[in-house]
Each structure stands twice: as C-alpha cells, then as structure tokens.
Amino acid sequence: MPGTIKGRTALVTGAGTGIGRAIALAFADEGAGVAVADVDINAGKETIELVRQRGSKALFVECDVSKGKEVQALIEATVREFGSLDYACNNAGIHNKLPESLADLDEDLWDLIIEVNLKGVMLCMKHEVKQMLNQAGGVITNIASLAGLSCEPGSYAYTAAKHGVVGLTRGAAFEYAKVGIRINAICPAVVDTPMLAVAPEEVRQMLLAQHPIGRFGKPEEIAAAVMWLCNDLSAFVTGSSVVLDGGASAW
Ligand SMILES: NC(=O)c1ccc[n+]([C@@H]2O[C@H](COP(=O)([O-])OP(=O)(O)OC[C@H]3O[C@@H](n4cnc5c(N)ncnc54)[C@H](O)[C@@H]3O)[C@@H](O)[C@H]2O)c1
C-alpha cells in the first residue's frame, strides 16, 4: 500500500474546477503525477497546466463519469501514462440549482443527478478497484456531502445520491479492507466553489447561518483531508465518512 504520496499516481474526477481542482493541485504539491478527468475540456486543461506549473506530471482525460466505457478508458489512459493508480478521488458531481418539492419532482433531473453523483462513483470505484487489485493496493476517497448523512431540504436526488455514495463507500471498504485498498468518504457542508456561485444571495445567507463557524468551507480544506486519507497517517481509517462542516452538524 502506498506510504507517502510523492512519486505516486493520483486520479481526480471533476477536477476542472472547485474542490476537484484544489485536490488535483494538492496532489501535485505532494509530488504525485495527476490524472485530471472532467466533461469540461477547457477547465480540465487549465487544471493540468496548473499541476505542471507545480512541477508534477499531468494528464487530462475527457470523461463523463456516468458512462462506463469512458470511465474504463480513463483508468486505462491513466495507467498507460503513469504505470499505476495509487490514489483515486471520485469528486465529480452536480446539484439541482433550485429546491424542489417531492410532489413536483422533475424525473429527468432526478435521473441525471443519480447517474452522475451515484452511478458515476460506482463506475469509477469498479474500475479503480480492478486496477488496484493488480498492484499492492491503493486509496480511494469519494467526495460525498453532509447531504449523505442528513437531508438537504428540497434536494431529493442529491440527498439520495450522496446517501448512496456513503453506503457504497462502506460496502466497498468492507470488501477490500484485507487486500490493502482503503476507501473513505468525505462529507463537507457548504464549500465556496462554482457550484455555490449559482445560488441566489438570500440562499447563500440562509446557508451561511447554518455554519456555526461563520463561513463556508474552502476547497483547499477538503483537499487537505483527502491528503490525510491518502497518507499512511490514516492507515487505520477505512469505510469512514469524514465530516468537514464548520460545526453545521453540531446543531
Ligand atoms: N460546493 C459545495 O458546497 C459542496 C458541498 C458538499 C459536497 N460537494 C461535492 O463536492 C464535489 C465537487 O463539488 P464542487 O463544489 O467543486 O462543484 P463544481 O461544480 O465547482 O465542480 C464540479 C466539476 O465536476 C465536473 N463534472 C460535472 N459532471 C461531470 C461528469 N458527468 N463527469 C465528469 N465531470 C463532471 C464539472 O465540469 C466541474 O468541473 C461534488 O461531488 C459535490 O457534490 C460540494
């Protein structure tokens, strides 16, 4: 199992912007080669440029995580380029822009959010684990949400998908604990990223009031937790849902 991150290979999905980009740059700062996957080609290419500026090797792969064949090709491209896959961070996700009531739920939007946020994580883990089984192990970190542990009112599909990610994480951690593959989830409260930027000001203020610490999280703070989970300092941690929420769940 990887001990320190330097010289290893990391894959981050949805790394074109926001939390994913911060995670990709944190891996670069630790000296890992970084594969960046995203549906947004321009954003993904910007991220690999930033990784290279930090002195690390980088690869961009256009990939929709909800498509099995694209995910398989992503893992193959990563291993072809770097020779291994030591760390995978399944971060790509989407959010419903406006709250919905159950009675008016949009079925197409439900399908899309479940496909990307839940099926996407399952597909990524499936192909990542296959590769890690061929090596000495690895570490997988899934970016869930506080909505994976409690409900986000008006976000049915998002809440259901993130609860699913926590469940998938636990099941996979259980299955692979004895073969050197650790699998954890991170459950952040609100983090200041482009995902949040679309929220109207009154919604931002309402969300802010839910954080006793008086601010939103920073993408770099989520990235720091991913680095800890990938390092041997957390060697006893698997199947966990690590909460980073500025006290939001302490209410
Ligand atoms: N921002 C928050 O408040 C917050 C809180 C808790 C959890 N999260 C989770 O963190 C993750 C990242 O969120 P963010 O705030 O950085 O979002 P973001 O919208 O800023 O970035 C998401 C990235 O994922 C990419 N993406 C979208 N669909 C994709 C797909 N099908 N395949 C591949 N890439 C795709 C986008 O192009 C974008 O680059 C998500 O899973 C989100 O649910 C975010």
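**Charge distribution, overall fold and the setting of D64**

The protein carries 21 positive and 29 negative side chains, and the centres of these two sets are separated by 8 Å. These values, like those that follow, were computed from a predicted model. The accessible surface amounts to about 11700 Å², and carbon and sulfur atoms account for 56% of that area.

With regard to secondary structure, the protein comprises 8 helices and 7 strands. The radius of gyration is 17 Å, close to the 18 Å that the globule rule gives for 251 residues, so the protein is as compact as a globular protein of that length. The C-alpha trace extends over about 50 × 40 × 35 Å along its principal axes, and 52% of the 251 residues count as buried. When contacts between residues at least 6 apart in sequence are considered, 71% of them are found to join residues at least 24 apart.

At the local level, D64 lies in the loop that runs between strand β3 (58-62) and helix α3 (68-82). Within this loop setting, the side chain of D64 is engaged in a polar contact with the side chain of S66, at a distance of 2.7 Å. When residues up to four places away in sequence are set aside, the residues touched by D64 are V39, E70 and V71. The surroundings of D64 thus include a polar partner, S66, together with contacts to V39, E70 and V71.

Conventions
Residues numbered from 1 in each chain as written. Predicted model: local features only at pLDDT ≥ 70, side-chain atom pairs only at ≥ 80, totals over all residues. Heavy atoms only, no water. Helix = DSSP H or I, 4+ residues; strand = E, 2+ residues; numbered from the N terminus. Rg over C-alpha atoms; globule rule 2.2 N^0.38 Å. Buried < 20%, exposed > 50% of the residue type's maximum accessible area, 1.4 Å probe, protein only. Contact = heavy atoms within 4.5 Å. Areas by Shrake-Rupley, 256 points an atom, 1.4 Å probe, with all protein chains shown as cover. Lys, Arg positive; Asp, Glu negative; His and termini not counted. Charge placed at Lys NZ, Arg CZ, Asp CG, Glu CD. Polar contact = N/O pair within 3.5 Å; in protein donor to acceptor, adjacent residues only side chain to side chain.
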